[in-house]
Amino acid sequence: TRFVPRLARESLDLNQATPAVQISGDGLYLITGGLGALGLEVAKWLISQGATELILIGRSNPKEDALHLITSWLENGVKVKTL
């Protein structure tokens, strides 16, 4: 017997409330791929939701535009570590 994953259509009830994501200022948030365009957007969103401590992991060093963004976050009190 073979078991093979299959995609199936799922109906979405837009009237049903979905639980909101709770971002805590006390939390530490790790973003893999955090130095790329999408990772930086996720970081921006987390900060806008109240996150104050982030770890951004990337395969290469941050580019100049990422460094400017990270510097502005640091100046505004957000703790950011890059790896």
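Me: Two strands count as paired when DSSP finds at least two bridges between them. With that in mind, which residue in S3 is the bridge partner of Leu 56?

Reply: In S3, Leu 56 has Thr 82 as its bridge partner. Just keep in mind that we're looking at a predicted model.

Me: Thanks! How many bridges join S2 to S3, and do the two run parallel or antiparallel?

Reply: S2 and S3 run parallel, and four bridges join them.

Me: Does a helix come into this too? Which strands does H2 touch?

Reply: H2 packs on the sheet and touches S2 and S3. The direction of H2 makes about 145° with that of S3.

Me: What about the other pair, S1 and S2? How many bridges there?

Reply: S1 and S2 pair over four bridges, in the parallel sense. Within that pair, Thr 32 stands opposite Ile 57 in S2.

Me: Okay, zooming out. What order do the strands of the sheet have?

Reply: The order is S1-S2-S3, in an open sheet of three strands with parallel pairing. S1 and strand S3 (79–82) are the edge strands, each pairing on one side only. From one strand to the next, the twist averages 20°.

Me: Which side chains of S1 are buried, and which are not?

Reply: The side chains alternate along S1. Tyr 29 and Ile 31 point to one face and are buried, while Leu 30 and Thr 32 point to the other face and are not. That fits a general pattern: in a regular strand, side chains alternate between the two faces of the sheet.

Me: Nice. Switching to the core: how many residues does the largest nonpolar one have?

Reply: It has 15 residues, and the ones with the most contacts inside it are Leu 46, Leu 54, Leu 56 and Trp 73. The elements giving two or more residues to this core are strand S1 (29–32), helix H1 (37–48), strand S2 (53–57) and helix H2 (64–75).

Me: Let's pick Leu 54. What is it in contact with, apart from its neighbours within four places in sequence?

Reply: With those neighbours left aside, Leu 54 is in contact with Leu 28, Tyr 29, Ala 43, Leu 46, Ile 47, Lys 79, Val 80 and Lys 81.

Me: Lys 81 is on that list. Is Lys 81 buried or partly exposed?

Reply: Lys 81, which lies in strand S3, counts as partly exposed because its relative accessibility is 48%; the partly exposed range runs between 20% and 50%. Beyond four places in sequence, Lys 81 is in contact with Leu 54, Ile 55 and Leu 56. The C-alpha atoms of Lys 81 and Thr 32 are separated by 12 Å, with the two residues 49 apart along the chain.

Me: Now the helices. At what angle do H1 and H2 pack?

Reply: They pack at an angle of about 15°, with axes 12 Å apart. Angles under 35 degrees count as roughly parallel, so H1 is roughly parallel to H2. Making the contact are Leu 40, Ala 43, Lys 44 and Ile 47 of H1, together with Ala 66, Leu 69 and Trp 73 of H2.

Me: And is the crossing of H1 and H2 left-handed or right-handed?

Reply: H1 passes H2 in a left-handed crossing.

Me: Last one: where is Trp 45, and what does it touch beyond four places in sequence?

Reply: Trp 45 is in helix H1. Not counting residues up to four places away, Trp 45 touches Val 21 and Ile 23. Trp 45 counts as partly exposed, since its relative accessibility is 41%.

How values were computed: Residues numbered from 1 in each chain as written. Predicted model: local features only at pLDDT ≥ 70, side-chain atom pairs only at ≥ 80, totals over all residues. Heavy atoms only, no water. Core = buried A, V, L, I, M, F, W, Y, C linked by side-chain atoms within 4.5 Å. Buried < 20%, exposed > 50% of the residue type's maximum accessible area, 1.4 Å probe, protein only. Contact = heavy atoms within 4.5 Å. Axes fitted to C-alpha atoms, helices over the stretch in contact; angles between N-to-C directions. Parallel < 35°, antiparallel > 145°, perpendicular 65-115°, else oblique. Left-handed = near helix turned anticlockwise from the far one by under 90°.
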